[in-house]
Every structure is written in structure tokens, then in C-alpha cells.
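Student: I would like to learn how to read a model like this one, feature by feature. Could we go through it together?

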Amino acid sequence: TLGQMLMLARSIFTGWPFALSLLGILVAHEFGHYFMSRYHKTPATLPYFIPLPFVGLLGTMGAAIIMRGIPKNKRVLFDIGVAGPIAGLVVAIPVLFLGLSLSTLGTIEPVAGGYIEGNSLLYLFAKYVVFGQFLPAPLEPQGVVYWLQYFFTGGPVPFGGTDVFIHPVAFAAWGGLLVTALNLIPAGTLDGGHVVYSLFGDKVKKFTPYIIGLLV
């Protein structure tokens, strides 16, 4: 309908800070792989970006490069595998602090369809640096057991407490950190899988089920 088309057009013009921030992180990640491949004279394509509009929170399934040749040795594979996450983090961390500086604190209220983004150690630390407290902060002071439970399970939701209502730039950085973490899972053809294979060779195949089980 015309109303939906107008809403979509408005979203495109208002959503550019989020899109630019997230794509900047993905570009840095993939070009980290690409330039390291070029440095080691390993043929590789430029990045391919995978859109996922109208589904999920991020609107993308990320990006990838395709290796056109086999790395000469495990050291080269290690360099190529680790370059992407490092380059992505170099961009994601300042974007995160910028986004948090544009964010505000507010009270957590039950809202239909609302959500609280998950924490990571880096994200928790960044919020503490910017706002001077661990967030989300419950209404009443809690002990270590509460924080361990909340960090690993996301519950109980601290309704009535305080949390950061993140700016789209901060949300893009949060998504960039999530993508980087998933890429570092040490299995398969993920960046983490390439890194552990370059370090331990075929022996890592024996431990892959245990690694995945431990992560779960």
C-alpha cells in the first residue's frame, strides 16, 4: 500500500546511522580478510554482502569473501582468519562508545514486543565506562549470584530498574560484536575454525563436538 511504501521510504532516510555503522563494521571485517589475503598472495574475491530485509533485527546476514586459492601454509591461514575479527573490532569498539554516548538511561517497563539486548563482557564494560554503573541495574541492590544468573540467562528481567536505551549506532555496534563473536566460534569454516585448525591441525576435529558442547 501507499502507506507502507511511505513508511519504508521514511525508514530508509532515518535509518542511515544504523546502516552506515553496521556496514562499516562488516566492511572492516571482510577487508581485513581481503587485504591479508592480498598480502600473502592468496587469491580472494572482494566482499559479498548478504541482505536480509524485513526479517530479524539487523537486516543482514553479514558479508563474506570467497577464497580463490589455498593458503600456502597454516601460518598464512591463521593470519587471514584472524585479520577479519581484529579489523572489525577496531571499528566496532569506537562505534560502540560513540553510540553509547548518544544513548540515554531510562526505566525498564513491560512493553509488548520489547526486548533487552544481551550482555557480553565487552558490552558490559563499555556501558560501565560511559554510564558509571553495571546495566541493566535492578531496582534493589543485588549480589554476585544475581549478576551471574542474569549474565548467563538474561533473567529475571529487572522491571522498574534502569537500563540504557541504546541509540541505533550503539545497536549497530552491538550487532557487530555479536557477529564477531559468532565468527570466532572455533569450528568449521568460521574464522575461529580456521584459527584453531592452523594452530592444531587435524587434531582439532576430535575436539570440535566438545568445543561446541562447552560453548552451549
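Student: Let me start with a single side chain: is Asp79 buried or exposed?

Tutor: The idea is to ask how much of a residue a probe can reach: buried means under 20% relative accessible area, exposed over 50%, and partly exposed in between, with a 1.4 Å probe and protein chains only. Asp79 has a relative accessible area of 15%, so Asp79 is buried. Before we go on, remember that this is a predicted model, where local features need pLDDT of at least 70, side-chain atom pairs count only at pLDDT 80 or more, and totals for chains, interfaces and linings use all residues. Residues are numbered from 1 along each chain as its sequence is written, and side-chain values use heavy atoms, with hydrogens and water left out.

Student: Which residue forms a salt bridge with Asp79?

Tutor: In general, side chains of opposite charge can pair when their charged atoms come close. The cut-off for a salt bridge is a side-chain nitrogen of Lys or Arg within 4 Å of a carboxyl oxygen of Asp or Glu. Here the partner is Arg75, and the closest N and O atoms of the pair are 3.4 Å apart. While Asp79 is buried, Arg75 is exposed, at a relative accessible area of 59%.

Student: Why can Arg75 and Asp79 be described as about one helical turn apart?

Tutor: Because they sit four residues apart in helix H3, which covers residues 74–101. The names come from DSSP runs numbered from the N terminus: helices are H or I runs of at least four residues, strands are E runs of at least two.

Student: How many salt bridges does a search of the whole structure find?

Tutor: One, the Asp79–Arg75 pair you have just looked at.

Student: Which residues does His40 touch?

Tutor: Touching, or contact, means heavy atoms within 4.5 Å. Not counting residues up to four places away in sequence, His40 touches Lys72, Val76 and Asp79, so our salt-bridge aspartate turns up again. His40 lies in the loop between H2 and E1 and is buried, with a relative accessible area of 15%.

Student: What is special about the phi of Lys41?

Tutor: The phi of Lys41 is positive, about 60°, although Lys41 is not a glycine. Lys41 is in the loop between helix H2 (16–39) and strand E1 (48–51). Lys41 is exposed, with a relative accessible area of 66%, whereas His40 is buried.

Student: Is Thr45 buried or exposed?

Tutor: Buried, at a relative accessible area of 9%. Thr45 belongs to the loop between H2 and E1. Leaving aside its neighbours within four places in sequence, Thr45 is in contact with Tyr34, Ile65, Ile66 and Arg68.

Student: Now the prolines. Where is the cis peptide bond that leads into Pro136?

Tutor: For a peptide bond, look at the omega angle. The bond from Leu135 to Pro136 is cis, with omega near 5°. Pro136 is found in the loop between helix H4 (121–131) and helix H5 (144–153). Another cis bond runs from Gly155 to Pro156, with omega near -5°, and Pro156 lies in the loop between H5 and strand E4 (162–165).

Student: Which residues does Tyr150 touch?

Tutor: Not counting residues up to four places away in sequence, Tyr150 touches Ile116, Asn119, Pro136, Gly155, Pro156 and Pro158. That list includes both prolines we have just met, Pro136 and Pro156. Tyr150 is found in helix H5 and counts as buried, at 6% relative accessibility. As for Asn119, it is 31 residues from Tyr150 along the chain, and their C-alpha atoms are separated by 9.2 Å.

Student: Finally, how many helices and strands does the protein have?

Tutor: Eight helices and four strands. From the N terminus on, the elements run α-α-β-β-α-β-α-α-β-α-α-α. Taken along the principal axes, the C-alpha atoms fill a box of roughly 55 × 50 × 30 Å.

Student: What share of the residues counts as buried?

Tutor: Of the 216 residues, 36% count as buried; Asp79, His40, Thr45 and Tyr150 are among the examples you have met.

Student: And what share of the contacts joins residues at least 24 apart?

Tutor: Among contacts between residues at least 6 apart in sequence, 69% join residues at least 24 apart. The contact of Tyr150 with Asn119 is one to look at, as those two are 31 residues apart along the chain.
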